[in-house]
Amino acid sequence: MNFHAARRGFSLMELLLTLLLTGVIALVAVPGFLRYARHAALAAGANQMAMDMLRVRYLALSKNCRYRLRFYQFDRAWRWEEDLNDNARLDSFEEVSPFQYLPAGIRYDCDGILGPPSQPVSAPSAPITFPGRVMSVGPTGRWSVIWTIYLSNADSGFELELTVN
């Protein structure tokens, strides 16, 4: 009689082959996933900013007053301010939103961009193209200036622009 022991587990060769195949798949998939994640972060930052701009416009229309949107380039932030008496400054009774921040790795940047859209042959002078980094929208829903904001993902080279006219 010939009794064979029941085979249990995997051989060393099978485990090494599985690890090798997993490593090759990871080498191919991870860079693409990271690139997608960086691009998604840039799009999320631009979408959040665009939604706040729409909100500010809606508030100006619904409350029949002026609102300002103020950008802080080096803090990668923005916020809106109510201007009920249209005096172009913040009074104690006027509402201010909390700061909104761009996602990690996203910044106001215009390096390597040809713009603004009205003159796409030269580089913009700054990533925020309106004076004082403040724009306002009045009770009619019209913005005070035509403006463009350039966003970029610092480490991937993805760039995006928001323009309002």
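Visitor: Which residues of H1 are buried?

Guide: This is a predicted model, where local features need pLDDT of at least 70, side-chain atom pairs count only at pLDDT 80 or more, and totals for chains, interfaces and linings use all residues. Residues are numbered from 1 along each chain as its sequence is written, and side-chain values use heavy atoms, with hydrogens and water left out. Buried means under 20% relative accessible area, exposed over 50%, partly exposed in between (1.4 Å probe, protein chains only). In H1 the buried residues are Leu-42, Gly-45, Ala-46, Met-49, Asp-52, Met-53, Val-56, Leu-59 and Ala-60.

Visitor: How does Gln-48 count, by its relative accessibility?

Guide: Gln-48 sits in helix H1. Its relative accessibility is 33%, so Gln-48 counts as partly exposed.

Visitor: Which residues does Gln-48 touch, not counting those up to four places away in sequence?

Guide: Contact means heavy atoms within 4.5 Å. Leaving out residues up to four places away in sequence, Gln-48 touches Trp-78 and Gln-100.

Visitor: Where does H1 kink?

Guide: H1 covers residues 12–63, and helices here are DSSP runs (H or I, at least four residues), numbered from the N terminus. The bend at a residue is the angle between axes fitted to the seven residues ending there and the seven starting there. The kink is about 30° and comes shortly before the proline Pro-31, at Ala-29.

Visitor: How many strands are there in the protein?

Guide: Strands are DSSP runs of E, at least two residues. The element order from the N terminus is α-β-β-β-β-β-β-β. Beside one helix, the protein has seven strands.

Definitions and conventions:
The expected span of a helix is 1.5 Å times one less than its number of residues.
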